[in-house]
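Me: Could you take a close look at one helix for me, and say what sits around it? A bit of context on the whole chain would help too.

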Amino acid sequence: MTSADDRLGSDERQVRDARLVLGALVEPGGRQLYELVRAHGPVEALARLAGGAVTGPLAEAAAVRLNGRDPAAIAAALAERGARLGVRIVTPESAQWPAQLDDLRHISVEGRDTIDRDTYPPQCLWVRGPHELHEVAARSVALVGSRANTVYGAHVAAEFGYGLADRGWTVISGGAYGIDAVAHRAALAAGGLTVSVLACGVDRPYPTSNSALFEQIAEQGLLISEWPPGTAPFKVRFLVRNRVIAALARGTVLVEAAARSGARQTLRRARQLNRAAMAVPGPVTSENSVGCHEELRRDPHESVRAVASVEHVLEEVGGVGELAPVPRGREQSLDALDPVERQLVDAAPRRGAAAASQLAYEAGVPLREALAKLPSLALRGHLREQAGGFARA
(Lines give C-alpha, C1' and ligand atoms only; values in the text may rest on other atoms or scores of the structure.)
Protein backbone atom coordinates (compact mmCIF):
# COMPACT_ATOMS: atom_id res chain seq x y z
CA MET A 1 0.00 0.00 0.00
CA THR A 2 1.29 3.46 -0.88
CA SER A 3 1.49 5.83 2.08
CA ALA A 4 0.82 9.57 1.90
CA ASP A 5 4.54 10.08 2.53
CA ASP A 6 5.41 7.99 -0.53
CA ARG A 7 3.18 10.15 -2.71
CA LEU A 8 5.04 13.36 -1.83
CA GLY A 9 7.23 14.87 -4.51
CA SER A 10 10.75 16.01 -3.68
CA ASP A 11 9.81 19.66 -3.15
CA GLU A 12 6.72 18.75 -1.15
CA ARG A 13 8.75 16.47 1.07
CA GLN A 14 11.31 19.23 1.66
CA VAL A 15 8.58 21.64 2.75
CA ARG A 16 6.92 18.99 4.94
CA ASP A 17 10.24 18.09 6.58
CA ALA A 18 11.07 21.74 7.21
CA ARG A 19 7.70 22.25 8.89
CA LEU A 20 8.28 19.17 11.04
CA VAL A 21 11.61 20.43 12.29
CA LEU A 22 10.43 24.01 12.83
CA GLY A 23 7.47 22.70 14.84
CA ALA A 24 9.84 20.62 16.97
CA LEU A 25 12.49 23.32 17.54
CA VAL A 26 10.15 26.17 18.53
CA GLU A 27 7.04 26.17 20.71
CA PRO A 28 3.84 26.64 18.68
CA GLY A 29 2.17 29.95 17.88
CA GLY A 30 5.27 32.16 17.87
CA ARG A 31 5.04 35.40 15.90
CA GLN A 32 8.75 35.55 15.01
CA LEU A 33 8.77 32.09 13.47
CA TYR A 34 5.54 32.73 11.59
CA GLU A 35 6.93 35.93 10.08
CA LEU A 36 10.22 34.23 9.20
CA VAL A 37 8.38 31.44 7.37
CA ARG A 38 6.03 33.88 5.64
CA ALA A 39 8.98 35.93 4.39
CA HIS A 40 11.20 33.07 3.18
CA GLY A 41 9.14 29.86 3.09
CA PRO A 42 9.62 26.88 5.44
CA VAL A 43 12.75 25.45 3.79
CA GLU A 44 14.71 28.70 3.69
CA ALA A 45 13.44 29.71 7.15
CA LEU A 46 14.84 26.50 8.62
CA ALA A 47 18.14 26.98 6.78
CA ARG A 48 18.46 30.51 8.16
CA LEU A 49 17.54 29.42 11.68
CA ALA A 50 19.95 26.47 11.68
CA GLY A 51 22.70 28.33 9.85
CA GLY A 52 22.98 31.29 12.21
CA ALA A 53 21.43 33.90 9.90
CA VAL A 54 18.74 34.55 12.50
CA THR A 55 19.59 36.05 15.88
CA GLY A 56 17.70 36.87 19.05
CA PRO A 57 15.37 34.84 21.28
CA LEU A 58 13.99 32.75 18.40
CA ALA A 59 17.43 31.58 17.33
CA GLU A 60 18.53 30.98 20.92
CA ALA A 61 15.45 28.84 21.69
CA ALA A 62 15.88 26.82 18.50
CA ALA A 63 19.61 26.30 19.15
CA VAL A 64 18.90 24.62 22.49
CA ARG A 65 16.82 21.92 20.83
CA LEU A 66 18.89 21.73 17.67
CA ASN A 67 22.02 21.14 19.76
CA GLY A 68 24.29 20.84 16.72
CA ARG A 69 22.21 18.11 15.04
CA ASP A 70 21.47 17.96 11.33
CA PRO A 71 17.91 19.22 10.61
CA ALA A 72 17.52 16.53 7.92
CA ALA A 73 18.23 13.82 10.50
CA ILE A 74 15.69 15.34 12.88
CA ALA A 75 13.06 15.39 10.12
CA ALA A 76 13.76 11.77 9.18
CA ALA A 77 13.49 10.65 12.80
CA LEU A 78 10.21 12.53 13.31
CA ALA A 79 8.69 11.18 10.10
CA GLU A 80 9.76 7.64 10.95
CA ARG A 81 8.29 7.92 14.45
CA GLY A 82 5.02 9.22 13.04
CA ALA A 83 4.83 6.35 10.56
CA ARG A 84 5.55 3.82 13.30
CA LEU A 85 2.72 5.23 15.41
CA GLY A 86 0.31 5.38 12.47
CA VAL A 87 0.12 9.17 12.75
CA ARG A 88 -0.42 11.48 9.78
CA ILE A 89 1.39 14.80 9.43
CA VAL A 90 -0.77 17.66 8.17
CA THR A 91 0.85 20.97 7.17
CA PRO A 92 -0.59 24.19 5.75
CA GLU A 93 0.39 22.87 2.31
CA SER A 94 -1.63 19.64 2.81
CA ALA A 95 -5.06 19.04 1.28
CA GLN A 96 -6.27 18.10 4.79
CA TRP A 97 -5.27 21.42 6.33
CA PRO A 98 -8.32 23.20 7.85
CA ALA A 99 -8.25 26.67 6.30
CA GLN A 100 -9.96 28.18 9.35
CA LEU A 101 -6.73 27.74 11.35
CA ASP A 102 -5.16 30.48 9.24
CA ASP A 103 -7.45 32.99 10.99
CA LEU A 104 -5.22 32.69 14.06
CA ARG A 105 -2.79 35.16 12.55
CA HIS A 106 -5.38 37.93 13.03
CA ILE A 107 -5.79 37.74 16.82
CA SER A 108 -2.26 38.42 18.08
CA VAL A 109 -2.16 41.20 20.66
CA GLU A 110 1.09 43.03 21.37
CA GLY A 111 2.16 43.07 25.00
CA ARG A 112 4.15 41.31 27.67
CA ASP A 113 1.87 38.28 27.72
CA THR A 114 3.29 35.83 25.20
CA ILE A 115 0.07 33.76 25.30
CA ASP A 116 -1.83 36.68 23.74
CA ARG A 117 0.99 37.61 21.36
CA ASP A 118 1.98 34.18 20.07
CA THR A 119 -1.35 33.05 18.66
CA TYR A 120 -0.25 32.16 15.12
CA PRO A 121 -1.20 28.97 13.22
CA PRO A 122 0.70 25.73 13.85
CA GLN A 123 3.61 24.74 11.63
CA CYS A 124 2.09 21.27 11.39
CA LEU A 125 -0.40 18.98 13.08
CA TRP A 126 0.08 15.37 14.12
CA VAL A 127 -3.18 13.55 13.44
CA ARG A 128 -4.18 10.12 14.73
CA GLY A 129 -7.45 8.58 13.53
CA PRO A 130 -9.26 7.42 10.40
CA HIS A 131 -10.88 10.66 9.21
CA GLU A 132 -9.83 13.64 7.08
CA LEU A 133 -9.21 16.56 9.45
CA HIS A 134 -10.54 19.33 7.20
CA GLU A 135 -13.79 17.41 6.56
CA VAL A 136 -14.37 16.57 10.22
CA ALA A 137 -13.71 20.13 11.37
CA ALA A 138 -15.86 21.82 8.71
CA ARG A 139 -19.06 21.24 10.70
CA SER A 140 -17.98 21.30 14.32
CA VAL A 141 -18.73 22.80 17.72
CA ALA A 142 -16.34 23.02 20.68
CA LEU A 143 -17.68 22.09 24.12
CA VAL A 144 -15.39 23.15 26.96
CA GLY A 145 -15.61 23.68 30.69
CA SER A 146 -14.53 22.86 34.20
CA ARG A 147 -12.42 19.83 35.08
CA ALA A 148 -14.23 19.61 38.44
CA ASN A 149 -17.71 19.63 37.00
CA THR A 150 -20.97 19.30 38.90
CA VAL A 151 -23.78 16.85 38.14
CA TYR A 152 -25.56 19.73 36.41
CA GLY A 153 -22.55 20.46 34.19
CA ALA A 154 -22.13 16.79 33.27
CA HIS A 155 -25.82 16.55 32.37
CA VAL A 156 -25.64 19.58 30.07
CA ALA A 157 -22.38 18.45 28.45
CA ALA A 158 -23.84 15.00 27.80
CA GLU A 159 -27.06 16.42 26.35
CA PHE A 160 -25.17 18.83 24.09
CA GLY A 161 -22.48 16.35 23.05
CA TYR A 162 -24.97 13.62 22.20
CA GLY A 163 -27.44 15.97 20.52
CA LEU A 164 -24.85 17.67 18.32
CA ALA A 165 -23.24 14.40 17.26
CA ASP A 166 -26.65 12.87 16.60
CA ARG A 167 -27.37 15.75 14.21
CA GLY A 168 -24.14 15.24 12.29
CA TRP A 169 -21.93 17.81 14.01
CA THR A 170 -18.40 17.04 15.20
CA VAL A 171 -17.76 17.71 18.90
CA ILE A 172 -14.32 19.24 19.60
CA SER A 173 -12.79 19.43 23.06
CA GLY A 174 -9.51 19.02 24.91
CA GLY A 175 -9.74 15.55 26.43
CA ALA A 176 -9.42 16.83 30.01
CA TYR A 177 -11.25 15.60 33.08
CA GLY A 178 -14.76 16.88 33.59
CA ILE A 179 -16.75 18.62 30.87
CA ASP A 180 -14.28 17.75 28.07
CA ALA A 181 -14.40 14.01 28.75
CA VAL A 182 -18.19 13.99 29.17
CA ALA A 183 -18.63 15.79 25.83
CA HIS A 184 -16.31 13.34 24.02
CA ARG A 185 -18.05 10.30 25.51
CA ALA A 186 -21.50 11.61 24.67
CA ALA A 187 -20.53 12.19 21.03
CA LEU A 188 -19.12 8.67 20.80
CA ALA A 189 -22.26 7.24 22.43
CA ALA A 190 -24.31 8.90 19.69
CA GLY A 191 -22.16 7.19 17.06
CA GLY A 192 -20.84 10.58 15.99
CA LEU A 193 -17.47 12.20 15.47
CA THR A 194 -15.33 13.86 18.12
CA VAL A 195 -11.88 15.48 18.02
CA SER A 196 -9.56 15.86 20.99
CA VAL A 197 -6.97 18.64 20.64
CA LEU A 198 -4.05 17.73 22.89
CA ALA A 199 -1.42 19.80 24.68
CA CYS A 200 1.14 17.00 24.34
CA GLY A 201 2.20 14.30 21.90
CA VAL A 202 -0.54 12.11 20.41
CA ASP A 203 1.32 9.06 21.71
CA ARG A 204 1.06 10.14 25.35
CA PRO A 205 -2.32 11.86 25.73
CA TYR A 206 -3.07 13.42 29.10
CA PRO A 207 -4.63 12.71 31.58
CA THR A 208 -3.49 9.10 31.51
CA SER A 209 -6.61 7.95 33.37
CA ASN A 210 -8.55 8.86 30.22
CA SER A 211 -6.41 6.48 28.15
CA ALA A 212 -9.35 4.23 27.22
CA LEU A 213 -11.30 7.28 26.07
CA PHE A 214 -8.38 8.51 23.94
CA GLU A 215 -8.05 5.09 22.31
CA GLN A 216 -11.73 5.15 21.43
CA ILE A 217 -11.42 8.66 20.01
CA ALA A 218 -8.44 7.56 17.91
CA GLU A 219 -10.51 4.67 16.52
CA GLN A 220 -13.73 6.60 15.85
CA GLY A 221 -12.66 10.25 15.67
CA LEU A 222 -9.35 12.12 15.75
CA LEU A 223 -6.58 12.95 18.19
CA ILE A 224 -4.53 15.95 17.06
CA SER A 225 -1.58 17.91 18.43
CA GLU A 226 0.85 20.64 17.36
CA TRP A 227 3.58 19.00 19.41
CA PRO A 228 5.60 16.02 18.12
CA PRO A 229 5.14 12.56 19.63
CA GLY A 230 6.74 12.20 23.02
CA THR A 231 6.07 15.82 24.09
CA ALA A 232 5.05 16.22 27.74
CA PRO A 233 1.85 18.10 28.77
CA PHE A 234 3.30 21.24 30.41
CA LYS A 235 0.78 23.59 32.00
CA VAL A 236 1.33 26.52 29.63
CA ARG A 237 0.74 24.26 26.62
CA PHE A 238 -2.92 23.86 27.55
CA LEU A 239 -3.41 27.62 27.17
CA VAL A 240 -1.51 27.59 23.85
CA ARG A 241 -3.63 24.66 22.66
CA ASN A 242 -6.91 26.44 23.38
CA ARG A 243 -6.55 28.75 20.38
CA VAL A 244 -6.62 25.72 18.05
CA ILE A 245 -9.84 24.40 19.62
CA ALA A 246 -11.54 27.77 19.11
CA ALA A 247 -10.21 28.19 15.56
CA LEU A 248 -11.22 24.73 14.33
CA ALA A 249 -14.86 24.99 15.45
CA ARG A 250 -17.66 27.14 14.09
CA GLY A 251 -18.54 28.00 17.66
CA THR A 252 -17.50 27.36 21.25
CA VAL A 253 -19.86 26.58 24.14
CA LEU A 254 -18.67 27.22 27.70
CA VAL A 255 -20.73 24.57 29.47
CA GLU A 256 -19.63 25.14 33.06
CA ALA A 257 -16.71 27.15 34.40
CA ALA A 258 -15.47 28.65 37.65
CA ALA A 259 -14.14 32.20 37.78
CA ARG A 260 -10.53 31.18 37.00
CA SER A 261 -11.28 28.37 34.57
CA GLY A 262 -8.90 28.07 31.62
CA ALA A 263 -11.91 27.18 29.47
CA ARG A 264 -12.91 30.86 29.57
CA GLN A 265 -9.80 31.59 27.53
CA THR A 266 -11.04 29.26 24.80
CA LEU A 267 -14.29 31.23 24.68
CA ARG A 268 -12.32 34.47 24.49
CA ARG A 269 -10.39 33.08 21.53
CA ALA A 270 -13.69 32.25 19.83
CA ARG A 271 -14.83 35.86 20.28
CA GLN A 272 -11.54 37.19 18.91
CA LEU A 273 -11.90 34.92 15.87
CA ASN A 274 -15.49 36.07 15.27
CA ARG A 275 -16.75 32.55 15.88
CA ALA A 276 -20.03 31.92 17.69
CA ALA A 277 -19.35 32.27 21.43
CA MET A 278 -21.89 30.72 23.79
CA ALA A 279 -22.24 30.06 27.52
CA VAL A 280 -24.68 27.94 29.50
CA PRO A 281 -26.25 29.69 32.50
CA GLY A 282 -26.18 27.70 35.72
CA PRO A 283 -27.41 27.98 39.30
CA VAL A 284 -26.47 31.37 40.74
CA THR A 285 -25.38 29.57 43.92
CA SER A 286 -22.82 27.40 42.09
CA GLU A 287 -19.17 28.49 42.00
CA ASN A 288 -18.79 26.32 38.91
CA SER A 289 -21.13 28.61 36.94
CA VAL A 290 -19.53 31.91 37.96
CA GLY A 291 -17.31 31.93 34.87
CA CYS A 292 -20.28 31.41 32.53
CA HIS A 293 -22.26 34.15 34.23
CA GLU A 294 -19.34 36.58 34.10
CA GLU A 295 -18.89 35.93 30.38
CA LEU A 296 -22.56 36.68 29.80
CA ARG A 297 -22.68 39.66 32.15
CA ARG A 298 -19.46 41.47 31.32
CA ASP A 299 -19.33 41.06 27.55
CA PRO A 300 -19.63 44.71 26.37
CA HIS A 301 -20.64 43.77 22.81
CA GLU A 302 -23.13 41.05 23.77
CA SER A 303 -21.24 38.63 21.54
CA VAL A 304 -21.56 35.78 24.06
CA ARG A 305 -25.00 34.22 23.73
CA ALA A 306 -26.79 32.30 26.46
CA VAL A 307 -27.75 28.81 25.28
CA ALA A 308 -29.86 26.22 27.08
CA SER A 309 -30.35 23.52 24.43
CA VAL A 310 -28.80 21.91 21.38
CA GLU A 311 -31.31 23.85 19.28
CA HIS A 312 -29.98 27.13 20.69
CA VAL A 313 -26.43 26.11 19.74
CA LEU A 314 -27.44 25.14 16.21
CA GLU A 315 -29.19 28.47 15.77
CA GLU A 316 -25.84 30.17 16.44
CA VAL A 317 -23.61 27.93 14.28
CA GLY A 318 -25.98 26.48 11.69
CA GLY A 319 -27.12 27.76 8.32
CA VAL A 320 -29.77 30.32 7.49
CA GLY A 321 -33.17 29.23 8.76
CA GLU A 322 -31.90 26.88 11.49
CA LEU A 323 -33.83 28.62 14.24
CA ALA A 324 -34.51 27.14 17.64
CA PRO A 325 -38.22 26.63 18.36
CA VAL A 326 -39.74 29.24 20.66
CA PRO A 327 -40.29 27.58 24.06
CA ARG A 328 -43.95 27.33 25.01
CA GLY A 329 -45.63 26.23 28.20
CA ARG A 330 -47.96 23.25 28.29
CA GLU A 331 -51.08 23.99 26.26
CA GLN A 332 -54.21 24.52 28.34
CA SER A 333 -57.86 24.16 27.44
CA LEU A 334 -58.47 27.92 27.62
CA ASP A 335 -55.69 28.71 25.09
CA ALA A 336 -58.08 28.15 22.17
CA LEU A 337 -60.67 30.67 23.45
CA ASP A 338 -60.92 34.25 22.29
CA PRO A 339 -60.63 37.07 24.90
CA VAL A 340 -64.39 37.47 25.42
CA GLU A 341 -64.86 33.72 25.86
CA ARG A 342 -62.07 33.59 28.46
CA GLN A 343 -63.70 36.49 30.36
CA LEU A 344 -67.04 34.65 30.45
CA VAL A 345 -65.45 31.41 31.68
CA ASP A 346 -63.51 33.30 34.37
CA ALA A 347 -66.76 34.97 35.52
CA ALA A 348 -68.71 31.70 35.79
CA PRO A 349 -69.14 30.41 39.37
CA ARG A 350 -67.66 27.07 40.39
CA ARG A 351 -70.67 26.33 42.59
CA GLY A 352 -74.22 27.09 41.65
CA ALA A 353 -75.09 28.83 38.40
CA ALA A 354 -75.32 32.37 37.07
CA ALA A 355 -77.69 33.74 34.48
CA ALA A 356 -76.38 35.07 31.19
CA SER A 357 -77.11 38.65 32.25
CA GLN A 358 -75.12 38.20 35.48
CA LEU A 359 -72.16 36.68 33.62
CA ALA A 360 -72.21 39.54 31.12
CA TYR A 361 -72.19 41.99 34.04
CA GLU A 362 -69.34 40.21 35.88
CA ALA A 363 -67.25 39.81 32.71
CA GLY A 364 -67.94 43.32 31.47
CA VAL A 365 -69.13 42.25 28.02
CA PRO A 366 -72.27 43.14 26.07
CA LEU A 367 -75.25 40.91 26.88
CA ARG A 368 -75.86 40.18 23.20
CA GLU A 369 -72.28 38.87 22.85
CA ALA A 370 -72.63 36.78 26.02
CA LEU A 371 -75.85 35.21 24.77
CA ALA A 372 -74.13 34.30 21.50
CA LYS A 373 -71.07 32.69 23.09
CA LEU A 374 -72.35 30.94 26.23
CA PRO A 375 -74.10 27.99 24.47
CA SER A 376 -70.96 27.32 22.43
CA LEU A 377 -68.80 27.36 25.57
CA ALA A 378 -71.13 24.82 27.16
CA LEU A 379 -71.09 22.66 24.04
CA ARG A 380 -67.25 22.62 24.04
CA GLY A 381 -67.13 21.62 27.70
CA HIS A 382 -65.85 24.88 29.22
CA LEU A 383 -69.15 25.61 31.01
CA ARG A 384 -72.01 23.52 32.36
CA GLU A 385 -75.50 24.63 31.45
CA GLN A 386 -77.85 24.31 34.38
CA ALA A 387 -81.42 25.37 35.06
CA GLY A 388 -81.31 29.09 35.33
CA GLY A 389 -77.80 29.68 34.02
CA PHE A 390 -74.22 28.52 33.53
CA ALA A 391 -71.45 27.24 35.85
CA ARG A 392 -67.73 26.49 35.44
CA ALA A 393 -67.16 22.97 34.07
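Reply: Quick bit of vocabulary before we start: a contact here means heavy atoms within 4.5 Å. Also keep in mind that this is a predicted model.

The helix I'd pick is α14, which covers residues 339-347. Which of its residues are buried? They are Val340, Glu341, Leu344 and Val345, with buried meaning under 20% relative accessible area. Look down the axis of α14 and those buried residues fall within an arc of 135°, so they line one face of the helix. Turn to the face pointing away from that buried side and you'll find Pro339 and Asp346, both exposed.

So much for the helix on its own; now its neighbours. The buried residues of α14 pack against two helices and two strands: α15 (356-363) and α16 (367-379), plus β10 (383-386) and β11 (389-392).

Now zoom out. The protein chain holds 16 helices and 11 strands, and 50% of its 393 residues are buried. Take the contacts between residues at least 6 apart in sequence: 73% of them join residues at least 24 apart. As for overall shape, the C-alpha trace spans about 105 × 50 × 35 Å along its principal axes. The radius of gyration is 30 Å, whereas a compact globule of 393 residues would come in near 21 Å.

On the surface side, the chain exposes about 19200 Å², with carbon and sulfur atoms supplying 51% of that. Charges come out as 45 positive and 45 negative side chains, and the centres of the two sets lie 4 Å apart.

Technical notes. Residues numbered from 1 in each chain as written. Predicted model: local features only at pLDDT ≥ 70, side-chain atom pairs only at ≥ 80, totals over all residues. Heavy atoms only, no water. Helix = DSSP H or I, 4+ residues; strand = E, 2+ residues; numbered from the N terminus. Rg over C-alpha atoms; globule rule 2.2 N^0.38 Å. Buried < 20%, exposed > 50% of the residue type's maximum accessible area, 1.4 Å probe, protein only. Areas by Shrake-Rupley, 256 points an atom, 1.4 Å probe, with all protein chains shown as cover. Lys, Arg positive; Asp, Glu negative; His and termini not counted. Charge placed at Lys NZ, Arg CZ, Asp CG, Glu CD. Arc of directions from axis to C-beta.
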